[in-house]
Amino acid sequence: MSVPCSDPDFRPVKAKAASLPPGVTAERCWCGRVAKVKQVEDFSDKFGMKFFMCASYEHDPPRSSASSSTRPPSPPPLCKWFHWIDTEQPDWAREEVEEKQRRAWATFFEEERREKVRANEKAERERQIQKLRAEQARNREVNQKRMDDEAARRFAEEEVRREAREAERKRLRERAAEAQAAEERGDKSGKWPRWTQGK
């Protein structure tokens, strides 16, 4: 036995032609024509349920593509008569909807897991980059300190050599001055001048 549509404004977006269930008598709509039997294909709480619809009723589902937008709209319906045949969703339809929902949630959680993995991988890459940059900075500091120490060592060695050269020049100047003074005094002692005897 069919029941009146509880929501006259409700019309399934997707429905296909179906056979009349056993024990159900065909009905005529308001305009007197034998009603068509349809089955809901929308994945909702009415998926799989059958209903009567006037054979003169035409319905334009939402247009989702450019090709469908070029199709001329259906003429105004002659009769909007609409009765449900099923009062409850069939078990197979409910199980199919639940399975599709389960797969949808599984896909959602898997995508969420992948997002977390990608986020963790990105964070790990950034951490490795920061670690590498810190290590490179430390290496630059170590190398700079090594070069500074080497420059300081060379400078100190050069200072030692310079002081040695200056000391040697001073000794030579003093020896030359001493020899010059002895020669100017006209040393007549008969000995070799001290400056010729070496040191």
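Let's start with strands β3 and β4. β3 covers residues 36-40, and its pairing with β4 is antiparallel, over four bridges. This is a predicted model, so keep that in mind throughout. One contact to find on screen: Val-37 has Phe-52 as its bridge partner in β4.

Now the other neighbour. β4 also pairs with strand β5, residues 82-84. Again the sense is antiparallel, this time over three bridges. Here Phe-51 has Trp-84 as its bridge partner in β5.

Stay on β4, residues 50-53. Which side chains sit on each side of β4? Lys-50 and Phe-52 are on one side. Phe-51 and Met-53 are on the other. Why the split? Because side chains in a regular strand alternate between the two faces of the sheet. Both faces of β4 are covered, and these four residues are all buried. Yes, that includes the lysine, Lys-50.

Next, the rings. The count is eight aromatic pairs. Take Phe-82 and Trp-84. Their rings are edge-to-face, 5.4 Å centre to centre, with 80 degrees between the planes. Both residues are buried. Phe-51 joins in as well: ring pairs link Phe-51, Phe-82 and Trp-84 into a cluster.

Now a second pair, Phe-108 and Phe-109. This one is also edge-to-face, at 5.5 Å centre to centre and 65 degrees between the planes. Buried or partly exposed: where does Phe-108 fall? Its relative accessible area is 43%, so Phe-108 counts as partly exposed. Phe-109 comes out at 45%, so that ring's residue is partly exposed too. The cut-offs behind both calls: buried is under 20%, exposed is over 50%.

Terms used
Residues numbered from 1 in each chain as written. Predicted model: local features only at pLDDT ≥ 70, side-chain atom pairs only at ≥ 80, totals over all residues. Heavy atoms only, no water. Buried < 20%, exposed > 50% of the residue type's maximum accessible area, 1.4 Å probe, protein only. Helix = DSSP H or I, 4+ residues; strand = E, 2+ residues; numbered from the N terminus. Pairing = 2+ DSSP bridges. Phe/Tyr/Trp six-rings, centres within 6.5 Å; stacked < 30°, edge-to-face > 60°.
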